[in-house]
Amino acid sequence: MTRRRKSRSVQATEEGIRILKESKAANRDSEGRRLTFERIAEKAGVDQKTVKTFLYGGGVDPESAWAIAEKGFGLKVTDIVGIEAWNQVCSKSKLPKLGHTKGLENTVLATQSSLEHHNNIPRSGAVEFVGRTEQLSELHQLLEKNNQVAIAAIAGMGGVGKTELAIQYAQGHAETYKGGICWLYPKRGEIGVQIVEFSIAHFPNFTLPNGLTLAGQVQFCWQRWAEGQVLVVIDDVADYRQIKAYLPSESRFKVLITTRERLGKPLARLDLDVLKPKAALALLKSLVERERLKREPWVARNLCKWLGYLPLGLELVGQYLAQDEDLSLGEMLRRLKQKRLRHSALKNPEPTMTAQLGVADAFELSWERLNDAEQRLGCLLSLFAPAPIPWKPNELQLAVSEKDAKAIKEALESQRITQEILEELENSLEATEEAKNKLVRLNLLQPCGEGIYRFHQLIREFFRQKLEALPEAEELKFYLVGYIAALAKQIPDSPNHYEINIISPLIPHIKEIVKEMSQYLSDSDFGYPFTLLISFYENQGLYALAADSCQFFIEKLQTRFPENLFSVTVGKQKLARLYMLQGFYKEAEILFETVLLFFKKYLDAQHLWLITIQYELALVYIFQNRFNDAEKSLLICWKKIVNNSELDGFDAEEKFQIHENISEDQTLAFIPILRQQSCPNKSIDILITVSNTLGKVYKDQGRYNEAESLLEESLDIAKNLLDNNHPAIAAYKNNLASLYNVQGKYRQAEVLFMESLDIIKNLFGEYHPDVASVINSLGNVYRSQENYNKAESFFKQALEIRKNCLSENHPDYAVSLNDLGLLYTEQVRYTDAEPLLLKALETKEKSVGKKHLDYAMTLNNLAIVYFYKDQLKKAELLYVESLQITREILGKDHPDVASSFHNLADLYCRQGKFDEAEELWKKAFKIALKTCGPDHPDTIQYQILLAELPYIRTIPAESIQKMIKAFPGRFALADLESKLKRKSKENRKAQGFRNQRQPRASIIEGISSKDIFPTPE
């Protein structure tokens, strides 16, 4: 058996091996296609192991040797194994000798039916067919699903690979269609003639009877067709009506159509989209050497993305790169971005490719089928951003006629859009819908949801090129920009989350307008698209994006209106607010001071605008824990409001006329931003806001009685003046609830926080930083009541919202980490608490610095973890550092300072340093008695500790160590006496957890009705 196998094997000669290796190393076969072991094996019909054995000099059976050489490499088998060796092996078998290769081919390819002659499948130009496995399977199911004539259409935009998919399907299912595969080209002439010519060429003794019409001849051909299932492929159908009369009627015929049109029923349609990113990269890899792609992997991905994953574009660029081996992918991408569709890489296909048109030429075929109105609509839509376009006929009224465009331009130039023009546009709506439907039918415009469409980016580039050639190009740009500005005017200054969801699809297009076409905005409309972007991001808590938009607006204002310093300064005031919301307090303070200095030159000292800026400076001081500065600033505001003679505020439009260099037209441009900045109509609103904020400052200073009086009074007055769902009501409830929580009035605090949360969710939706702030505050209320499960749930919700809406480097995110870590500490979950507190400490150091009360708070809480883990040296260092920062910021008589004294005293007591502990508890008691009163839990606790200290001193050191071992991680000397726990329910919390502060960085306590919303504490 073994000897018989050996006698029938054949090997490549040394020269043959060299030829094979050189051919493979060249990465191209005789047809110019890339060679891999997988590809060679596939072409030869053998496995890869056999190919490798033959290539490296091993023996294989002669049938495989012939297939590998002649089919796999396109070489003569005798050149590889030698003539004598070939004839010798053939003489021992039924294989023909040299000179009889035709007989050999018929033997080796016996698996290919004699019906192979009944097809005219075009040669595939794909080096490697990727990313379409599912589509091939789906296509076969469409053709096989019923007993009638199955007609399936592969539909898609030009260049998406419809023809190649049909070729691959036909080649892969040749055995299924034993009756033959007939390939027809409508664009090369009448398909009826092509059907007749196919029959004559492929069927022996086929003769047409005389006297038949062309339709009759076609029917005769179908009736006399070879037995078995038949696949008829009609490639690139432009008009289904031109082929319908020639289609077969027997169920054994399957008709496959490729078309750019979205044909409807009764045809079964397979909509072919671009490749997935991974498949697109695989296609590029099949054309370009892998080493080149490995050198620039991310550039390769970006190149695929820029080409929109379009197979035609990828293949053209891949072939171009293959020809120029010194061209880097980065340089290729740069050139494409510069020249776009005009680059030669996208214009000249290789002869071996299936598609023989460049990208622009492929799209041109569809362009030629559009009428003038449809072409203009496509050009107009290309001005939108490369993002889904909302199409709502009652809102998106697009002018497609030259007359409409000129009318819009005239209206824009006169700074008005009349009702008459809008009615005229309404009349053109039906024509616009028809034009849109035609773009969709030709797969130029892709549906991507109900009422939502988008261009492929290369088609968008194509239409943009066409736009520049249109005589009405400028008019179309004026129209679109005017339309966007008109929409922006209709959006409320402070959109709620419902309105935000409605306008979200328009945001990418508004950004495109302000970035690329702001020069087409009239002076009166100039500010509206910019301020819409700012408020859109701000009202979602996306403050960084809002700040970027505001900064861009300021730059555009400086360019367009270089003399109008007033408008630029108003923009800076808005930017300062956004900096404050991001926790950039120093930057905000500098900007507010600059704005205040500017307006002092032009406004009366009692002007409400100056009071607004002074108030915003007070907020910045609060965020920096500069409570004395904040109190002074707020009292200045209070006095100025009381002394102000214009208690009803001021007319925003009138006050814009404060600079002689500002024209009336330029003034109108800045009404949108002033509309967001202006003061309330009644100074009583300002007084309430200032009073409420002053109450917060008193609370932070430990002046609880004064704070409670101001906070309750301002809330009562606001309820009488404002709607129950007004954001100011939510703000005032938050601040009062925060005070109640500190005072131990937990039920009252919970009710107010819940009421505030309902208001904020209705205004901003479920995911907003202000929502997170209230949820976090509720978590602290539940933690104080030892409802740990509920507290953990709320803390985690707040953490997730802040992570998504802000960032992991935002101070508020650090607050959530701190509070969750604090909760775990109280639950004796020190392993969970420590990393959270360390992360919070790191974040606060980056965001607010070490000389900040929030940083001191986290130091304190981390020290508590080390205290209970019996790492007392670490704990002492952190306690001392926290105490120093707290005293420096709050002064020596603040309740938080007393809490820091208590924590350090407890640690000294545990170390046996009773004298040091007693001194600190005395200081803590004195402060608590002065600031909180004799009935406050902290005051009671410090008093009891001082009373019990003599007893604690008597406990032997051995007993202390035993108790530490008995209660690992939980033992504190302050907990020894049960009497202590009975008299102070807050003992465990007051022991160290009291020194915590709620989020500050998202307070928005402006004077205007839009901005009155302080963050819950």
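Lys 278 counts as exposed, at 75% relative accessibility. In this predicted model, the residue belongs to helix α14, which covers residues 277-287. Lys 278 also helps to form a positive surface patch, together with Lys 285, Arg 290 and Arg 301.

A patch of negative charge is found as well. Glu 289, Asp 324, Glu 325 and Asp 326 form this negative surface patch. One of its members, Glu 325, lies in the loop that links α17 (311-323) to α18 (329-339). Glu 325 counts as exposed because its relative accessibility is 54%, and the threshold for that class is over 50%.

**Salt bridges**

Side chains of opposite charge can pair when their charged atoms come close. A search of the whole structure finds 37 salt bridges. Three of these pairs are set out below, each with the separation of its N and O atoms.

| Acidic residue | Basic residue | N to O distance |
|---|---|---|
| Glu 512 | Arg 460 | 3.3 Å |
| Glu 474 | Lys 477 | 3.7 Å |
| Asp 523 | Arg 560 | 2.9 Å |

In the first pair, Glu 512 forms a salt bridge with Arg 460. Glu 512 sits in helix α27 (residues 507-516) and Arg 460 in helix α24 (residues 457-469), so the contact ties together parts that are 52 residues apart in sequence. Both Glu 512 and Arg 460 are buried.

The second pair is formed within one helix. Glu 474 and Lys 477 are three residues apart in helix α25 (residues 473-490), and therefore about one helical turn separates them. The two partners fall into separate accessibility classes: Glu 474 is partly exposed, with a relative accessible area of 36%, whereas Lys 477 counts as buried at 11% relative accessibility.

In the third pair, Asp 523 forms a salt bridge with Arg 560, with the closest N and O atoms 2.9 Å apart. Asp 523 belongs to the loop between α27 and α28, while Arg 560 lies in helix α29 (residues 543-560), so this bridge ties together parts that are 37 residues apart in sequence. Asp 523 counts as partly exposed at 21% relative accessibility, and Arg 560 is also partly exposed, with a relative accessible area of 27%. Elsewhere, Glu 792, Lys 796, Arg 829 and Asp 832 are joined into one network by salt bridges that share partners.

**Two enclosed helices**

Helix α28 comprises residues 527-538, twelve in number. From its first C-alpha to its last, α28 reaches 16 Å, close to the 16 Å expected at 1.5 Å a residue. Twelve of the twelve residues of α28 are buried, so the helix is largely enclosed by the rest of the structure. Among these buried residues are Tyr 528, Pro 529, Phe 530, Leu 532, Leu 533, Ile 534, Phe 536 and Tyr 537. The buried residues of α28 also include Gly 527, Thr 531, Ser 535 and Glu 538.

Helix α43 has 16 residues and spans 23 Å between its first and last C-alpha atoms, close to the 22 Å expected at 1.5 Å a residue. As 16 of the 16 residues of α43 are buried, this helix too is largely enclosed by the rest of the structure. One residue of α43 is Leu 820. Leu 820 is buried because its relative accessible area is 4%, and buried means under 20%. In sequence, Leu 820 and Arg 783 are 37 residues apart, and their C-alpha atoms are 9.8 Å apart in space.

**Positive phi values in loops**

Most residues other than glycine have a negative phi, and most peptide bonds are trans. Val 828 takes a positive phi of about 65° just after α43. This valine lies in the loop between α43 (811-826) and α44 (830-847). Val 828 is partly exposed, with a relative accessible area of 34%.

Asn 205 is another residue other than glycine with a positive value, its phi being near 60°. Asn 205 is located in the loop between α11 (191-202) and α12 (214-223). With a relative accessible area of 80%, Asn 205 is exposed.

Key. Residues are numbered from 1 along each chain as its sequence is written. This is a predicted model: local features need pLDDT of at least 70, side-chain atom pairs count only at pLDDT 80 or more; totals for chains, interfaces and linings use all residues. Side-chain values use heavy atoms; hydrogens and water are left out. Patches are made of residues with over 30% relative accessible area and no salt bridge: like charges are joined within 9 Å, nonpolar side chains (Val, Leu, Ile, Met, Phe, Trp, Tyr) within 5 Å. Accessible areas come from the Shrake-Rupley method with a 1.4 Å probe; for residues, only the protein chains shown count as cover. A salt bridge is a side-chain nitrogen of Lys or Arg within 4 Å of a carboxyl oxygen of Asp or Glu. Lys and Arg count as positive and Asp and Glu as negative; His and the chain ends are not counted. The place of a charge is taken as NZ of Lys, CZ of Arg, CG of Asp or CD of Glu. Helices (H or I, at least four residues) and strands (E, at least two) are DSSP runs, numbered from the N terminus. Buried means under 20% relative accessible area, exposed over 50%, partly exposed in between (1.4 Å probe, protein chains only). The expected span of a helix is 1.5 Å times one less than its number of residues.
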